[in-house]
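Biologist: I am new to this structure and would like a close look at one loop residue with an unusual backbone. Please then go on from there to the parts around it and to the bound ligands.

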Amino acid sequence: MIRPVILTGVRANNDIHIGNYFGAILPIVDMAKKHADEYDINLFIPDLHSFTTPIDHSQLYGSIMNNARVYAAAGLPLDDESIYLYRQSYVSAHSELTVILNNFVGFGEMERMTQFKDKSRKASRALTQGDAAEGTDGPARDRVSVGLFDYPVLMAADILLYNSTYVPVGDDQTQHLEITRDIAERMNRKFGNLFVVPKPVSEQHQFFGNEQGLRIKDLINPAKKMSKSDESGKGVIFLNDEPQAAYKKVMSATTDSLARINYDKENQPGIANLLEILALVRQDAGLDITLADIVDEFSGRERYGDFKKIVASEVADFLSRFQSRLAKIDDVAILAKLASSEAAMNIIANETLRRVQIAVGLRKDEDEA
Ligand code: ADP
Ligand code: TRP
């Protein structure tokens with residue numbers, strides 16, 4: 001029997017921080033464990049998407065492998081045969097389908113993608129260091145890559161190749177999911193039923209329980225989310241930070257002058273953020289605890305310094321634990337998992353590609369010949 005497919009990916013990077021970990025990687029691993037009985041879980045590393053924004057290519061291969069290890073250290077059961085872990089570029093149908101789909105998507109549609117607008121603006125600003133970069137043409141714009149522009153079409157190929165039904169993504173990616181649905185419906189109308197159309201965003205949220213709201217904030221500037229693109233890195237806790245360095249970062253976290261702990265995101269965003277982080281690291285330590293329990297425990301206390309020491313040392317403990325889990329991950333097992341998943345995925349993806357090639361007239365359907 002063909003099982004329905006849940007598919008998702010997180011872009012490979014070397015600087016995974018606790019926001020990425022608790023906000024994306026861990027929920028994906030939990031989701032995979034929860035649904036693997038009924039669904040095939042396609043978890044992939046979108047390595048071809050990695051260089052749509054500038055990266056250090058000499059580090060890419062290492063980052064890809066590191067991402068796979070992080071999943072394992074986060075508890076992904078590598079021996080579960082319903083869970084596939086694979087690299088996008090090891091299944092060449094992703095690239096081939098993208099080239100075909102490109103011809104069924106409009107330039108204007110792609111130009112309206114907000115991620116493209118944001119990232120191309122940032123890229124052109126970086127290239128000209130601020131001046132004259134706001135415009136939509138000129139030399140800086142010339143260097144915004146076509147890869148960035150085409151990002152959503154590659155993402156559509158990632159999804160459609162495997163007949164995916166559910167695709168958990170963060171809010172910033174929902175527009176890409178919608179365009180994937182548009183492309184699939186458009187091609188289905190033109191060529192008959194070629195693709196499984198993934199569920200609309202509202203049904204995705206229903207299915208996954210809309211748990212995508214978690215946003216860990218920057219420790220120094222709790223008005224913005226923790227992000228690897230922060231220049232100083234002082235407000236960001238990376239998974240590979242020395243535990244002692246992370247301890248210091250927490251101790252330097254911005255709080256407020258109210259001198260009384262409350263979970264009030266509006267008026268006390270720094271304190272609220274530390275309460276959330278503490279709940280997450282305690283959960284990682286195996287405690288059956290919620291944010292509400294933490295809020296109960298600390299509400300009304302007046303000594304921020306003491307509270308920070310608790311958070312700092314539990315964050316440091318979390319990093320020590322995580323880093324020792326990561327060090328124990330066996331690369332041979334990772335490579336074996338990747339190889340077996342990629343072999344299985346190539347078969348499925350090539351079937352879809354073949355169907356599309358026949359539909360668009362590139363191949364002949366031998367059954368009909
Ligand atoms: P970054 O901002 O560090 O570049 P990305 O945009 O590459 O992170 O996001 C990768 C994944 O991590 C996404 O699923 C995103 O929703 C999640 N994520 C990123 N930052 C945070 C954060 N501060 N809190 C929770 N989740 C986050
Ligand atoms: N764009 C996603 C991100 O930035 C990664 C991604 C690429 C993806 N292709 C996908 C996610 C297909 C889900 C489905 O995190």
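Modeller: In this predicted model, Asn163 is partly exposed, because its relative accessible area is 25% and the partly exposed class runs from 20% to 50%. Asn163 sits in the loop that joins H7 to strand E4, the latter covering residues 164-166. Its backbone has a positive phi of about 55°, although Asn163 is not a glycine.

Ala259 also has a positive phi of about 55°, and Ala259 is not a glycine either. The loop that holds Ala259 runs between helix H10 (243-251) and helix H11 (269-284). Ala259 counts as partly exposed, because its relative accessibility is 39% and that value falls between the 20% and 50% limits.

The loop of Asn163 begins after H7, and H7 leads to ligand 2. Helix H7 (146-160) and strand E1 (5-9) each supply at least two residues of the shell around this ligand. The largest share of that shell, four residues, comes from H7. In total 14 residues surround ligand 2, and the closest are His49, Tyr151, Met155, Asp158 and Gln173. By class, the shell is made up of eight nonpolar, four polar and two charged residues.

Three side chains make polar contacts with nitrogen of ligand 2. A polar side-chain atom of Tyr151 is 2.6 Å from a nitrogen atom of the ligand. For Asp158, a polar side-chain atom lies 2.7 Å from a nitrogen atom of ligand 2. An N or O atom in the side chain of Gln173 is 2.8 Å from a nitrogen atom of ligand 2. Taken alone, ligand 2 exposes 360 Å², of which the protein buries 91%.

Ligand 1 has its own set of residues. Around ligand 1 are His17, Gly19, Asn20, Gly23, Ala24, Leu214, Arg215, Ile216, Lys225, Met226, Ser227 and Lys228. Sorted by class, this shell has four nonpolar, five polar and three charged residues. Two backbone contacts involve nitrogen of the ligand: a polar backbone atom of Gly19 is 3.1 Å from a nitrogen atom of ligand 1, and a polar backbone atom of Met226 is 3.0 Å from a nitrogen atom of ligand 1. Lys225 uses its side chain instead, with a polar atom 2.7 Å from an oxygen atom of ligand 1. Ligand 1 taken alone exposes 540 Å², and the protein buries 84% of that.

Away from the ligands, Arg181 gives a view of another helix. Arg181 lies in helix H8, which spans residues 174-191. Arg181 is buried, because its relative accessible area is 15% and buried means under 20%. The residues that Arg181 touches, leaving out those up to four places away in sequence, are Val197, Pro198, Lys199 and Pro200. With Pro198 there is also a polar contact, in which the side chain of Arg181 reaches the backbone oxygen of Pro198 at 2.7 Å.

Last comes the domain layout. The domain assignment splits the protein into domain 1, made of 5-199 + 330-368, and domain 2, made of 243-327. The C-alpha centres of domain 1 and domain 2 are 34 Å apart. Their contact takes eight residues from domain 1 and eight residues from domain 2.

Terms used. Residues are numbered from 1 along each chain as its sequence is written. Chains are lettered from A and ligands numbered from 1 in the order in which they are written. This is a predicted model: local features need pLDDT of at least 70, side-chain atom pairs count only at pLDDT 80 or more; totals for chains, interfaces and linings use all residues. Side-chain values use heavy atoms; hydrogens and water are left out. Buried means under 20% relative accessible area, exposed over 50%, partly exposed in between (1.4 Å probe, protein chains only). A polar contact is a pair of N or O atoms within 3.5 Å; within protein, one must be able to donate a hydrogen and the other to accept it, and residues adjacent in sequence count only if both atoms are side-chain atoms. Contact means heavy atoms within 4.5 Å. A residue is near a molecule or strand if one of its heavy atoms lies within 4 Å of it. Accessible areas come from the Shrake-Rupley method with a 1.4 Å probe; for residues, only the protein chains shown count as cover. Ala, Val, Leu, Ile, Met, Phe, Trp, Tyr, Cys and Pro count as nonpolar, Asp, Glu, Lys and Arg as charged, and the others, Gly among them, as polar. Domain bounds come from an automatic or database domain assignment.
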